Structures are given as structure tokens and as C-alpha cells.
Number of protein chains: 2
Amino acid sequence: MASSPLQPRDPERFGLRDTPIGAVLLTNGDIDHIAGLLTLREKQRFRLMATSEILSVLDANPIFEALDRELVPREQVRLDERIQLLDGIHATLFAVPGKVPLFLEGDTVETDLVGEQTVGVELSDGQNTLFYIPGCAAMTPELRDRMNGAQAVMFDGTLWTDDEMVQQGLGQKTGKRMGHMSMSGADGSIAAFAELGVGRKIFVHINNTNPVWTDGPERDEAEEAGWEIAYDGMELTL
Amino acid sequence: MASSPLQPRDPERFGLRDTPIGAVLLTNGDIDHIAGLLTLREKQRFRLMATSEILSVLDANPIFEALDRELVPREQVRLDERIQLLDGIHATLFAVPGKVPLFLEGDTVETDLVGEQTVGVELSDGQNTLFYIPGCAAMTPELRDRMNGAQAVMFDGTLWTDDEMVQQGLGQKTGKRMGHMSMSGADGSIAAFAELGVGRKIFVHINNTNPVWTDGPERDEAEEAGWEIAYDGMELTL
């Protein structure tokens with residue numbers, strides 16, 4: 001993938017209070033994915049893209065009207081539709097197992113829904129492919145086939161073990177309940193990727209309970225299996 | 001006012017992920033006042049208090065359901081009703097001129113509404129009184145009478161001059177359009193407080209265009225008129 005900086009679509013947008021953000025592509029409607037939009041207001045021009053279901057979460061919350069729709073048009077993206085994101089970069093959204101946002105949970109919650117509420121992104125410049133999948137409740141044959149051969153995958157690294165938040169006295173919820181598969185274990189992501197032909201494997205969306213953050217046997221195990229641990233400001237060149 | 005630390009209402013709430021915040025009292029329904037609630041989730045117990053109109057803004061945005069109503073009860077506060085906020089500390093909300101939140105603005109916007117959408121707070125321990133008024137479109141005789149004799153007032157310091165954002169090329173809006181009176185000028189806050197008997201006068205809610213942030217004639221003028229400029233981490237002892 002070209003390592004050139006983002007190309008602004010409109011030179012006039014780079015004003016005193018602007019950001020280099022040209023497009024926002026949402027992969028989930030939960031707070032950790034959408035609340036940041038509120039700090040991008042007001043009067044900054046960018047494209048806001050998501051599935052119909054994720055856009056409906058924004059539409060149902062008038063607070064997001066602070067993003068002026070004249071400057072921040074909301075673009076509906078269909079699953080498995082290839083869209084142009086930036087000059088020379090295309091993106092494709094696809095369904096991965098997940099759940100509805102926390103604040104829309106009813107009395108019962110299905111944690112391995114496959115639909116428009118939790119999606120992964122395939123980014124391509126026509127030669128190289130990068131996957132960004134910050135939330136994923138389970139590995140599926142379809143997902144495995146899709147990622148095989150990619151240059152890089154950034155993948156849901158929320159927890160090391162399913163019950164680590166409970167064990168650390170930080171809550172009642174397991175990873176499964178939150179719609180996340182764990183790094184470790186027979187059904188974990190490290191095992192799931194072991195036979196996959198993926199160039200770089202990078203954990204993202206890592207919870208602060210996850211022991212992989214610090215030096216120790218878990219970090220060693222992840223790195224020995226070929227995983228990198230993402231960090232703030234990380235830059236990737238493929 | 002007593003300088004003792006906040007008294008937790010429930011010792012069990014001080015867990016590994018808790019905060020010392022025991023109560024949140026909203027004075028406005030706009031994003032800079034309410035978006036921070038989204039970072040206090042999830043499963044932290046505190047009281048959430050506001051007028052009916054400001055609570056209706058939260059109610060209209062399902063994203064705030066992330067604050068579990070069992071743990072974060074929403075308490076409606078009537079204007080001019082004295083409520084107990086913490087042990088020995090009472091608060092009274094009162095109307096100040098202002099406007100509806102940005103994201104609820106219609107085609108025309110009334111910028112000096114007096115109602116439940118923009119309020120000030122009077123805090124008292126029975127002896128000393130502190131006012132917190134982060135947004136105020138104009139000084140009124142009622143507001144002047146109310147604040148007279150207070151030990152301290154923290155007041156709307158958004159802009160120095162009404163058109164400074166326009167002058168700096170940062171937007172089309174004046175302070176008046178945003179519902180804020182300026183610091184300087186004949187109808188500004190420095191002049192409005194000149195004859196008021198207030199112990200400490202402290203500007204808060206200061207926009208990053210305001211020249212009072214840096215050393216210079218505006219800062220000198222504010223300080224010579226007896227004003228302090230609030231800063232992150234400021235602690236007050238009355």
C-alpha cells in the first residue's frame with residue numbers, strides 16, 4: 001500500500017481548526033466507535049461512511065446532528081460493496097460475528113449476530129490488502145477464507161482470556177458476552193490464525209485488563225506466534 | 001466552604017475502575033456539557049441531576065442509556081429548588097439567558113432564552129456561596145442581585161470580543177449567536193461585575209481564541225479588574 005500521506009479532497013478544508021481526516025468509516029455503532037465523532041465537530045468537512053444499520057444508530061441520536069450534514073454527508077455502504085475511500089484506496093465492508101451496541105441491548109442479547117451491526121474492513125490499493133477487524137465474536141470459515149493471503153490483518157485483541165474482567169474484579173461480563181473472542185485458548189484468535197497465510201498480524205482494540213500489554217508469558221506467547229501489539233501512533237507501510 | 005474531600009455515598013463504589021465523582025449536575029444540554037458522560041460509563045454509580053429540559057435531551061439520545069439507570073439515576077431538579085448535593089453542600093439551579101443546544105437549533109435561534117436549557121448553579125455550605133455559570137448570554141438585574149455578596153463566582157469566559165472567531169477566520173459565529181456575553185466592552189462581563197460585591201471572580205469555559213489565555217493587554221485588563229483565569233486542576237478553598 002502506498003505510504004504517501006492522505007490526499008485531501010478539498011484543499012480549502014485545511015484551515016486553522018481542521019484535521020487531516022478525510023473520511024471516517026465506522027465498523028460498529030457502539031460508543032467506543034462513534035463517540036469520537038462528537039470531538040470532530042463543528043464545520044470540518046469529511047466523509048462519514050457506514051452500513052445502514054450503523055447509520056441508523058447515528059440517526060436515532062440527535063446529538064450527532066452537530067455534524068453538519070452539508071459538510072459531513074452520511075454515506076450508506078452496502079456489505080461486500082467495493083467503495084473508493086481515498087485516491088487509489090478501496091474499501092469493502094463485510095459482516096463478522098458480533099452484537100448490537102451496549103446501549104441498544106434488550107433483555108436478551110445475541111452475541112454472534114452476523115449482519116450490519118459489526119463489520120470488518122478490507123482495504124486495498126489493488127496490490128496489497130489490509131484487514132481491520134476491531135471486534136469479532138468468533139472465527140468463521142468465511143472470514144478465514146477472506147483473510148487468507150492478506151499482507152496484514154489488524155484484529156480484535158480485547159481480552160487474553162474470556163473471564164479476565166471477572167477474575168480481576170472489574171465486572172460481570174465475559175468476552176463472549178461482549179462479542180469478543182479472546183487471544184488465548186483453543187478457540188482463541190492466536191490459534192485461529194496459526195494456519196492462515198497472513199503477512200503481518202496485529203492486535204488492536206486491546207482492553208486494559210489484557211496481560212499482553214506488559215512483558216510476560218502472554219506477551220511472549222503472542223509474539224512467538226507472530227503477532228504485533230498495536231500502539232498509539234503506529235504507522236504501517238505495506 | 002469545607003475543603004474536605006468528597007464524601008462517597010457508598011464505600012463499595014470505590015473499586016478498581018471507579019472515580020471519586022459522586023454527582024454530576026448539568027447546566028446545559030450541549031455537547032461540551034453532556035458528551036463527557038459517555039466516558040463515565042459503564043457501571044459507575046453516581047447521581048445525575050439536571051432540569052427537566054436538559055434531561056429530555058439525554059432521554060432523546062439512546063446513546064446515554066449506556067449509563068445504567070439503576071446505577072446512575074436521573075434526578076429532575078426544578079429551577080430555584082434547593083437540593084442536597086453532598087453532605088453539607090446544597091445546590092440551587094436558576095435560569096440564565098442562553099440558547100438551545102447546537103444540535104437542536106432550528107432555522108431561527110433565540111439566543112437569550114431564559115428557561116431550563118441554560119442554568120447557573122448556586123453552591124452553598126450554609127455560610128459561603130459559590131456560583132458556577134459557564135454560559136450566559138447577558139447580565140440581567142435578577143442575576144446581578146442573586147450574585148451580589150457571593151464569596152466566589154465562576155463565570156462564562158468564552159470570548160474576549162464578540163466577533164473574535166470571525167476575525168481569526170475560525171467561523172461565522174459571534175459570541176452573541178452562540179449565547180455568550182464577552183469579557184470586554186461596555187456590555188461585557190468585566191464591566192457588568194465592576195460594581196458587584198463578589199469575593200473571587202473566576203473566568204471559566206474560555207475558548208481557545210480568547211487572548212486572555214496568554215500574557216498581554218487583555219490578560220492585564222482582566223486581572224486588574226480582579227478576575228482570575230481558571231485552569232485545569234484548579235482547586236478552590238473558600
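# Legends to the close-up views

**Figure 1. The contact between chain B and chain A.** The contact draws on 26 residues of chain B and 26 residues of chain A, as seen here in a predicted model. Every interface residue of chain B, that is 100%, is also an interface residue in chain A, so the two copies meet through the same surface. Together the chains bury about 2,100 Å², and 65% of this area lies on carbon and sulfur atoms. Two residue pairs are in polar contact between chain B and chain A, both at pLDDT 80 or more. On the side of chain B that touches chain A, the largest contribution comes from helix 1 (residues 31–34) of chain B, which supplies three residues. Sorted by class, this side of chain B holds 15 nonpolar, five polar and six charged residues. Zero salt bridges are found across the interface of chain B and chain A.

**Figure 2. The rotation that relates the two copies.** Two copies of a chain are related by a rotation about an axis and a shift along it. In this model, chain B is superposed on chain A by a rotation of 180° with 0.0 Å of shift along the axis, and the RMSD is 0.0 Å. The two copies are therefore related as by a two-fold rotation axis. Among the residues of chain B, Asn61(B) comes closest to this axis, with its C-alpha atom at 2.3 Å.

**Figure 3. The surroundings of Gly157(B).** Gly157(B) is located in the loop that joins strand 8 (152–156) to helix 4 (164–167) of chain B. With a relative accessible area of 1%, Gly157(B) is buried, because this value is under 20%. Apart from neighbours within four places in sequence, Gly157(B) is in contact with Met183(B), Phe203(B), Val204(B), His205(B), Ile206(B), Asn207(B) and Asn210(B). One of these residues, Asn210(B), stands 53 residues from Gly157(B) along the chain, and the two C-alpha atoms are separated by 8.4 Å.

**Figure 4. Two buried strand residues of chain B, Pro97(B) and Thr129(B).** Pro97(B) belongs to strand 5 (residues 89–98) of chain B and has a relative accessibility of 5%. Leaving out neighbours within four places in sequence, the residues in contact with Pro97(B) include Asp112(B), Leu113(B), Val114(B), Cys136(B) and Thr140(B). The C-alpha atoms of Pro97(B) and Glu142(B) are separated by 11 Å, and these residues are 45 apart along the chain. Thr129(B) is part of strand 7 (residues 129–133) of chain B, and its relative accessibility is 16%. Not counting residues up to four places away in sequence, Thr129(B) touches, among others, Glu122(B), Ser124(B), Ala150(B), Gln151(B) and Leu238(B).

**Figure 5. The side chain of Arg47(A) and the backbone of Leu85(A).** Arg47(A) lies in strand 2 (residues 47–50) of chain A. Is Arg47(A) buried or exposed? Arg47(A) is buried, with a relative accessible area of 17%. A polar atom of the side chain of Arg47(A) lies 3.3 Å from the backbone oxygen of Leu85(A).

**Figure 6. Two loop residues with a positive phi, His205(A) and Asp80(B).** His205(A) is not a glycine, yet its phi is positive, at about 55°. This residue, His205(A), sits in the loop between strand 9 (200–204) and helix 7 (217–224) of chain A; His205(A) is partly exposed, with a relative accessible area of 28%. Asp80(B), also a residue other than glycine, has a phi near 65°. The loop between strand 3 (74–76) and strand 4 (82–86) of chain B contains Asp80(B), which is partly exposed at 49% relative accessibility.

**Figure 7. Salt bridges within the chains.** Side chains of opposite charge can pair when their charged atoms come close. How many salt bridges does a search of the whole structure find? The search finds 28 over all chains. One salt bridge joins Asp59(A) and Arg69(A), whose closest N and O atoms are 3.0 Å apart. This pair links distant parts of the chain, with Asp59(A) in helix 2 (residues 52–59) of chain A and Arg69(A), ten residues away, in the loop between helix 2 and strand 3 (74–76). Asp59(A) is partly exposed at 44% relative accessibility, and Arg69(A) is partly exposed at 39%. Glu228(A) and Arg200(A) also meet in a salt bridge, at 2.8 Å from N to O. This second pair links strand 10 (residues 227–229), where Glu228(A) lies, to strand 9, where Arg200(A) lies, 28 residues apart in chain A. In chain B, Arg219(B) forms a salt bridge with Glu223(B), with the closest N and O atoms 2.8 Å apart. Because they are four residues apart in helix 7 (residues 217–224) of chain B, Arg219(B) and Glu223(B) are separated by about one helical turn. In chain A, salt bridges that share partners join Asp59(A), Glu65(A), Arg69(A) and Arg74(A) into one network.

Conventions
Residues are numbered from 1 along each chain as its sequence is written. Chains are lettered from A and ligands numbered from 1 in the order in which they are written. This is a predicted model: local features need pLDDT of at least 70, side-chain atom pairs count only at pLDDT 80 or more; totals for chains, interfaces and linings use all residues. Side-chain values use heavy atoms; hydrogens and water are left out. Copies are superposed by least squares on the C-alpha atoms of residues with pLDDT of at least 70 in both. Contact means heavy atoms within 4.5 Å. Buried area is the accessible area (1.4 Å probe) that two parts lose on being put together, summed over both. A salt bridge is a side-chain nitrogen of Lys or Arg within 4 Å of a carboxyl oxygen of Asp or Glu. A polar contact is a pair of N or O atoms within 3.5 Å; within protein, one must be able to donate a hydrogen and the other to accept it, and residues adjacent in sequence count only if both atoms are side-chain atoms. Helices (H or I, at least four residues) and strands (E, at least two) are DSSP runs, numbered from the N terminus. Ala, Val, Leu, Ile, Met, Phe, Trp, Tyr, Cys and Pro count as nonpolar, Asp, Glu, Lys and Arg as charged, and the others, Gly among them, as polar. Buried means under 20% relative accessible area, exposed over 50%, partly exposed in between (1.4 Å probe, protein chains only).
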